[in-house]
Number of protein chains: 2
Amino acid sequence: MGPRQLQARDLLVSIDRSSRAPIARQIEDQLRRAIRTGMLIGGSQLPSTRALAQDLSVSRGVVVRAYAQLSTEGYIDLRQGANPSVRRPVEVTRESAAPREIQRVRRPRFDLRAGVPDLGVFPRHAWLRSQRQALMSAPDLDLGYIDSRGLERLRVQIADYVGRARGVATTPDRVLVTAGSTHSLSLIARALARRGARTIGFENPSHMVLHEVAERAGLRPVGFPVDEEGLVVEELIGASVPAVVVSPAHQFPTGHALSGSRRAALARWAVDNDALIIEDDYDAEFRYDRASVGALHGLAPERVIYLGSASKTLAPGLRIGWAVLPPSFDVQIVQELSRSILQMSTFDQLAFETFLRAGELDRHLRKMRVVYRQRRDAVVRALEEELPDVPVGGIAAGLHLVLELGSYELEQSVYAASREQSIALESISEHALPGYEGPYGLVIGYGPLSEPAIREAIRELARVLTVLENRADSGPMLRGVA
Amino acid sequence: MGPRQLQARDLLVSIDRSSRAPIARQIEDQLRRAIRTGMLIGGSQLPSTRALAQDLSVSRGVVVRAYAQLSTEGYIDLRQGANPSVRRPVEVTRESAAPREIQRVRRPRFDLRAGVPDLGVFPRHAWLRSQRQALMSAPDLDLGYIDSRGLERLRVQIADYVGRARGVATTPDRVLVTAGSTHSLSLIARALARRGARTIGFENPSHMVLHEVAERAGLRPVGFPVDEEGLVVEELIGASVPAVVVSPAHQFPTGHALSGSRRAALARWAVDNDALIIEDDYDAEFRYDRASVGALHGLAPERVIYLGSASKTLAPGLRIGWAVLPPSFDVQIVQELSRSILQMSTFDQLAFETFLRAGELDRHLRKMRVVYRQRRDAVVRALEEELPDVPVGGIAAGLHLVLELGSYELEQSVYAASREQSIALESISEHALPGYEGPYGLVIGYGPLSEPAIREAIRELARVLTVLENRADSGPMLRGVA
C-alpha cells in the first residue's frame with residue numbers, strides 16, 4: 001500500500017469530550033502515535049484542516065493547532081496551497097519485542113558476604129532531623145553549583161571528625177568530598193596514571209574491586225604479601241611502585257591489623273622512595289579488643305592519602321566518602337574530580353554536615369560498636385561450638401572474620417559446597433593478585449546478621465564441612481589443617 | 001642536640017585531672033604530638049613506665065597503656081629489657097606555613113550569567129516532605145548498594161515524566177540516572193571514544209563546558225553552524241561525525257528553537273549515516289510563546305540519546321539527571337557508568353521519586369513557567385525602553401535571551417565595558433568552536449533575578465552601551481547593526 005490521499009475517516013481519530021485533555025491535544029496525540037508506529041506512512045496526504053474539522057465536528061482552529069504542533073515537531077509537512085502530508089518516515093519505533101530480562105538475583109538462604117553494614121539500624125530519624133535542619137537553614141547559593149572539593153562547611157566537619165576519631169591532623173582545605181573510598185581511589189589512580197605511573201602496589205590479597213579500579217585507570221596492580229602483622233613492608237623495598245594501597249586498621253580480606261613496627265617501616269619506605277601510601281581506613285571505627293588505633297596518616301602526613309567513608313558506618317546508599325590529600329598531590333586529584341564532571345549532591349552534604357556537627361555519627365558508632373561486638377562474639381562462639389578444629393582469624397576489628405583453611409583446594413571445595421547449599425560468602429583467593437601463595441580461607445561477614453541468624457548460618461556451614469569431611473577422599477584434609 | 005636518655009620532667013607531659021579525657025589518653029596525646037612535631041626526636045630513650053608513673057603520680061598501668069598505644073601506632077619502640085624509645089622520625093609535620101589562598105570571588109554588582117535557575121524558590125517544604133516520606137518507607141535494601149542504572153522505582157517515574165511532559169516514549173529499563181546532563185554527556189563521550197570515535201559534532205556555538213567534556217574523553221569537537229531555525233542540518237551531510245549534540249528546544253547560547261523541517265532532516269541524517277543524535281533537552285520545560293514542543297526523540301527513537309536533568313527545573317545542587325538510551329548503545333553507557341565507580345546517592349533518588357510521583361515537579365513547573373515568563377517580559381520591556389535599536393533574539397523559551405551585536409569587535413567591546421562596570425554576563429563567541437563566523441552578541445540570563453533587579457541591570461547595561469556609542473571612534477557601530 002503506497003502513499004495516498006487520506007480521508008478524515010481513514011485517520012481513525014476519535015474525540016473524547018468527557019476527557020480533560022484539550023481536543024487539539026487529542027487529535028495531535030493520536031496522529032503522532034499513528035506516524036510513529038508506522039500506521040500513517042510517509043508521503044500520505046492528510047485531509048485539509050477544513051475537512052478534518054467537519055468530519056470530527058470540531059472548529060477548524062482546533063485542527064489548525066494540532067497540525068501546527070505536529071509540523072513544529074517534525075512529523076508533518078505544511079505547505080502553502082497543498083494538503084498537509086506525513087513526512088517520509090525516518091524510523092518506525094520497533095516494538096520492544098523481547099523486553100530485557102530483568103536479572104532476578106536469587107537471594108541466598110544464608111548471606112555471609114562481607115562489606116555491608118546492618119542497614120536495618122540506619123538512624124533514619126536522626127538523618128531526617130539533619131536533613132530538615134540543614135535544608136531549612138542553608139543559604140540559597142548552597143543549592144547551586146558549589147566548589148568541586150565539596151561544601152566548605154562539611155570539609156570543616158570532616159577535618160574535625162578525622163582528627164578527633166582517627167588522629168588525622170589536617171585542615172579543611174586538604175579534605176575532598178567524594179562518593180566513597182572506591183571513588184576516591186579511582187580519582188587517585190587516574191591522577192597517578194596522568195603523572196606517568198604504570199603500576200600501583202596492593203596488599204595481596206586485597207579487595208578485587210580496588211584492583212579493577214586501578215586497571216581501568218591504566219595501572220597494573222602489583223601484589224605484596226600479608227602476614228599476621230599485615231603488609232610485609234620489606235617486600236616493597238626495591239619494587240619501585242610509586243604508591244601502595246593499604247588497609248592498616250583491618251586488612252581486607254585477612255582481617256589482620258598492621259603492626260606498629262610495620263607502620264613505621266612503611267612510612268620510612270614512602271619517604272625514602274618518594275612514594276605515596278594510600279591508607280584505606282576501612283573498618284577502623286569498629287575495633288573490639290582495645291581502643292581504636294589511630295590512622296597511619298600521622299606518621300608521614302606528607303606521604304599519605306587518607307581515605308574514609310560513611311558506607312560502612314552509616315549506609316553505602318549515601319555515597320559519601322572523603323580523602324585527606326597531602327599538599328604535593330591535591331591539585332592533581334581535584335583536577336581529576338572536576339574532569340569527571342561529578343560533584344556530589346549538595347543536599348546530602350548539607351545533611352551529613354549537620355549530622356556530624358550534632359554528634360550523631362559518634363552516637364551511632366558508640367551504639368553500633370556494642371552491637372557488632374556482640375555479633376562478632378556470637379560468630380566466634382558458634383564457630384567454636386560447631387567447628388572447633390578450624391582456626392579463625394581477623395576477629396579484632398571490622399565486620400568480618402576469616403575461617404582459615406590450609407590450602408587452595410580445601411578453600412575451593414568448601415566454597416563450592418557452601419554455594420551449593422545456598423550459603424553466600426567470599427573466598428580469600430578470589431581477592432588475590434598474581435603470585436599469591438596463601439593463606440587461604442573463607443571470609444565471613446556478620447555485619448547485617450542478628451545473633452540467631454548467625455548461629456543458624458554457622459550451623460549450616462558446619463554441616464557443609466562435615467559432609468565434605470565424611471567423603472572418603474577429603475576426610476583427612478580438614479583435620480590436617482586444624 | 002642528639003638522642004639522649006630523657007627524664008620524665010623532660011617530656012613536658014602534664015595531667016589535667018579535671019578533664020574528662022582518661023589519663024592514659026592525655027599522656028598518649030601529648031607524647032604523640034611531641035613526636036609528630038619533632039619536639040621528641042628519633043632515637044630518644046623514654047623514661048621507663050615506672051619512672052614516668054612516679055613522676056606524674058599516676059598508676060604504672062596508665063603509663064603502660066599509653067606506651068602500648070603509641071607502640072601500636074608506630075610512634076615508639078617497646079623492646080623487652082630496654083627502655084622504650086622514640087622511633088627514628090619518618091617525617092615531621094611541616095606547619096602549613098602559608099595556608100592556601102581561599103579564592104574569594106568578588107560578586108558582580110549585576111549578575112546576568114545564564115544557566116542557573118532561581119534558587120530562592122526551590123520548593124524546600126515539598127522536598128522535605130518527599131525526603132521524609134521516602135526515607136520512612138524505603139526498604140532497608142534501598143540504602144545499600146543498588147543497580148548502577150539507578151533506583152528502579154525512580155526510573156519508572158522518570159520514564160513516565162518524560163513521556164508525559166516531553167513526548168519521549170520509553171521504558172524504565174532504557175532510563176539511566178546520572179548526576180546531570182554534563183555527566184551524562186561525559187559517559188556518552190567516553191563510550192563513543194571506546195568504540196573508536198575520534199570526533200563529535202556540536203552546534204556552533206554551543207556551551208563550552210560540553211566541548212571540554214568531549215575533549216577530556218579524547219574526542220575532537222567539530223562545530224556546525226546555527227541559524228534562525230537552529231542547527232543547519234545540511235552541513236552535517238558528508239561530515240562523517242558519528243554523533244551530534246543538539247539542544248532543539250532552546251539552543252544555547254543563540255536561543256533559537258530547531259524548526260520542524262530541520263528536526264525531520266536531522267533524524268533522516270542520523271538514520272542514513274548510522275549516527276547518533278544526543279538531544280540535550282535543555283530549557284525545554286520553559287516555553288512561552290506556545291505549548292511546549294515535544295522532544296526530537298520521537299522522530300528516531302533508535303538513534304537519539306535523550307538527556308534531561310533537574311538542574312534547571314529544581315536546583316543544580318541536587319545533581320540529578322537522566323539519559324534515555326537507545327538499545328544499540330545502552331550497554332556501553334552503563335558500563336562507563338559502572339567503570340566510573342559512581343552511583344548516585346540513593347537518598348536523593350528516593351526523595352526525587354516521591355517528589356515526581358506526588359506531582360510536585362509538575363506543580364513547581366506550572367508555577368515557575370509563570371514567574372520566568374514575567375521575568376522574560378520584564379527583560380524584553382526594559383531592553384525595548386533602554387536599547388530600542390539593538391535586536392533581541394531567543395526569547396521564546398528558557399532562562400536567557402540574546403542581545404544581538406553585529407560583529408565580533410562590537411561584542412567584545414561591549415563585553416569588556418560591561419565587565420568594567422561589574423556586570424557579569426557571557427558573550428556568544430566564548431562558546432564558539434573553530435570556524436565560527438557569527439552571529440555575535442551577549443547572553444542575558446534572567447532566571448534568578450527579580451523584576452526590579454532586571455530593570456536596574458538593563459539600565460546599567462544601556463549606560464555602558466551609551467558611553468561606548470559616545471566615544472568618537474565607535475559611535476556609528478551600534479547604529480550600524482541595529
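Two residues are in contact here when heavy atoms of theirs lie within 4.5 Å of each other. With that in hand, a good place to start in this predicted model is Ala257(B). Leaving out neighbours within four places in sequence, Ala257(B) is in contact with Glu228(B), Glu229(B), Gly230(B), Pro248(B), Ala249(B) and Arg287(B). One of these partners, Gly230(B), sits 27 residues away along the chain, yet its C-alpha atom and that of Ala257(B) are separated by 5.6 Å. As for its place in the fold, Ala257(B) belongs to the loop that runs between β8 (243-246) and α8 (260-272) of chain B. Is this alanine buried or exposed, or something in between? Its relative accessibility is 26%, so Ala257(B) counts as partly exposed.

A second alanine, this time in chain A, makes a handy companion. Ala462(A) is part of helix α13 (residues 451-470) of chain A. Ala462(A) counts as buried because its relative accessibility is 4%, and the cut-off for that label is under 20%. Once residues up to four places away in sequence are set aside, Ala462(A) touches Glu386(A) and Leu387(A). Between the C-alpha atoms of Ala462(A) and Ser418(A) there are 9.6 Å, and the two residues are 44 apart along the chain.

Stepping back to the whole of chain A, its secondary structure adds up to 14 helices and 16 strands. The chain has 482 residues, and 58% of them are buried. Of the contacts in chain A with a separation of 6 or more, 73% are between residues 24 or more positions apart. The accessible surface of chain A is about 20100 Å², and carbon and sulfur atoms hold 49% of it.

How do the two chains relate to each other? A turn of 180°, with a shift of 0.0 Å along the axis, lays chain B on chain A with an RMSD of 0.1 Å. That is what a two-fold axis does. The pairing also shows up in who touches whom: 99% of the interface residues of chain B are interface residues in chain A as well, so the copies meet through the same surface. Chain B brings 92 residues to the contact and chain A brings 91 residues.

The size of an interface is often given as the accessible area lost when the parts come together. Here chain A and chain B bury about 7600 Å² between them, with 54% of that on carbon and sulfur atoms. Polar contacts cross the interface too, in 16 residue pairs where both residues have pLDDT 80 or more. Helix α4 (residues 124-137) of chain B supplies nine residues, the largest share of the side of chain B that touches chain A. Two salt bridges link chain B and chain A. In one of them, Asp140(A) pairs with Arg124(B) through their side chains, at 2.8 Å from N to O.

Side chains of opposite charge can pair when their charged atoms come close. Over all chains, the count of salt bridges is 56. Arg32(A) and Glu28(A) form one of them, with 2.8 Å from N to O. Why are these two about one helical turn apart? They are separated that way because they are four residues apart in helix α1 (residues 23-36) of chain A. Arg32(A) is buried, at a relative accessible area of 11%, and Glu28(A) is buried too, at 9%. Both residues also belong to a network of salt bridges that links Arg25(A), Glu28(A), Asp29(A), Arg32(A) and Glu73(A).

Other pairs have their own settings. Asp147(A) and Arg155(A) make a salt bridge whose closest N and O atoms are 3.3 Å apart. In this pair Asp147(A) is partly exposed, with a relative accessible area of 39%, whereas Arg155(A) is buried at 6%. Over in chain B, the side chains of Arg166(B) and Asp281(B) meet in a salt bridge at 2.5 Å from N to O. This pair ties together distant parts of the chain, 115 residues apart: Arg166(B) is in helix α5 (residues 152-166) of chain B, and Asp281(B) is in the loop between β9 (276-280) and β10 (304-309) of chain B. Arg166(B) is buried, with 2% relative accessibility, and Asp281(B) is buried as well, with a relative accessible area of 5%.

Terms used: Residues numbered from 1 in each chain as written. Chains lettered and ligands numbered in written order. Predicted model: local features only at pLDDT ≥ 70, side-chain atom pairs only at ≥ 80, totals over all residues. Heavy atoms only, no water. Buried < 20%, exposed > 50% of the residue type's maximum accessible area, 1.4 Å probe, protein only. Areas by Shrake-Rupley, 256 points an atom, 1.4 Å probe, with all protein chains shown as cover. Least-squares fit on C-alpha atoms with pLDDT ≥ 70 in both. Buried area = accessible area lost by both parts, 1.4 Å probe. Salt bridge = Lys/Arg side-chain N within 4 Å of Asp/Glu carboxyl O. Polar contact = N/O pair within 3.5 Å; in protein donor to acceptor, adjacent residues only side chain to side chain.
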